[in-house]
Amino acid sequence: MKDWDTNLPEKILHAKMELDDQTLELWNIRAVPGSMHGEEKVKILENTFSRIMKGSQTPCILTGDFNSPNRELTDGTTIPWRHNKEGDVAKRWVEAELNILRGLEEKGMIDVFRHCHGYGDLEVLDVSHATQTDDPLAVPPEQVQGKRFDHIIASDELNPVGCYYDQKGFSCSDHAPINAEFGL
């Protein structure tokens, strides 16, 4: 804990598990909303990225509520929060979000949902946080508005074969759980 640079280290869970003859590293984070906790969100993302980049030697899965990005374009462009702001904190914010969402590719880790489905017009619900309606289950999936805040970023060697947001989760939360299947 002495190396964590956040006031909310409980929002970062790290574990290892044995799977057959292989060790699998697991990370789960809950990046607090920046609108309420400001720089703490950045610190959670920075700490997690740094730890995975420096220390992960085994296949790795990072999952959780990242509270980012602000938007994703159909061409794959990721637009982080504060992308249009000036100053050191805004620069760190943008870098932290992009590092956790795209920077782990350098470590051989991929966005499992986008690996399985790509971008553009999709036949599956591609939002995990409903923002336009009080009851996302009452409208067809293609009309649910929101953002993709919940992610699974995993080592490509785990061979992701499927990933989806479970719409039924909206009945008990404003987030739909993300599920993935790997072809180990």
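Trainee: In which sense do strand 3 and strand 9 pair, parallel or antiparallel?

Mentor: Good place to start, and keep in mind that this is a predicted model. Strand 9 covers residues 150-155, and 5 bridges connect strand 3 with strand 9. One example is D65, whose bridge partner in strand 9 is D150. The sense of the pairing between strand 3 and strand 9 is antiparallel.

Trainee: And how many bridges join strand 2 to strand 3?

Mentor: Strand 2 spans residues 22-30, and strand 2 and strand 3 run parallel. You can find N28 and look for its bridge partner in strand 3, which is T63. The number of bridges joining strand 2 to strand 3 is 6.

Trainee: How many residues of strand 3 are buried?

Mentor: Strand 3 is made of residues 60-65 and is mostly covered. Take C60: its relative accessible area is 1%, and buried means under 20%, so C60 is buried. For the strand, the buried count is 6 of its 6 residues.

Trainee: Let's turn to the rings. Is the pair of F113 and Y165 stacked, edge-to-face or tilted?

Mentor: A search of the whole structure turns up 1 aromatic pair. The ring centres of F113 and Y165 are 5.1 Å apart. Planes under 30 degrees apart count as stacked and over 60 as edge-to-face. Here the planes are at 45°, so the pair is tilted.

Trainee: How many residues apart are F113 and Y165?

Mentor: F113 belongs to helix 4 (residues 112-117), while Y165 belongs to strand 10 (residues 160-165). Both are buried: F113 has a relative accessible area of 0%, and Y165 is at 4%. The pair links distant parts of the chain, and the separation is 52 residues.

Trainee: Which ring does the charged end of R82 sit over?

Mentor: Look for the charged end of R82 and the ring centre 3.8 Å from it. A charge counts as over a ring when it is within 6 Å of the centre and within 35 degrees of the ring normal. The ring under R82 is that of W93.

Trainee: Why does the sulfur of C163 form no bond with the closest cysteine sulfur?

Mentor: A disulfide is a covalent bond between the sulfur atoms of two cysteines. C163 is buried, at 4% relative accessibility, and its closest cysteine sulfur is in C116. The cut-off for a disulfide is within 2.5 Å, and the count for this structure is 0 disulfides. The sulfur of C163 is too far from that of C116 for a bond, because the distance is 5.7 Å.

Note on methods: Residues are numbered from 1 along each chain as its sequence is written. This is a predicted model: local features need pLDDT of at least 70, side-chain atom pairs count only at pLDDT 80 or more; totals for chains, interfaces and linings use all residues. Side-chain values use heavy atoms; hydrogens and water are left out. Buried means under 20% relative accessible area, exposed over 50%, partly exposed in between (1.4 Å probe, protein chains only). Helices (H or I, at least four residues) and strands (E, at least two) are DSSP runs, numbered from the N terminus. Two strands pair if DSSP finds at least two bridges between them. Rings of Phe, Tyr and Trp (its six-membered ring) pair if their centres lie within 6.5 Å; planes under 30 degrees apart count as stacked, over 60 as edge-to-face and the rest as tilted.
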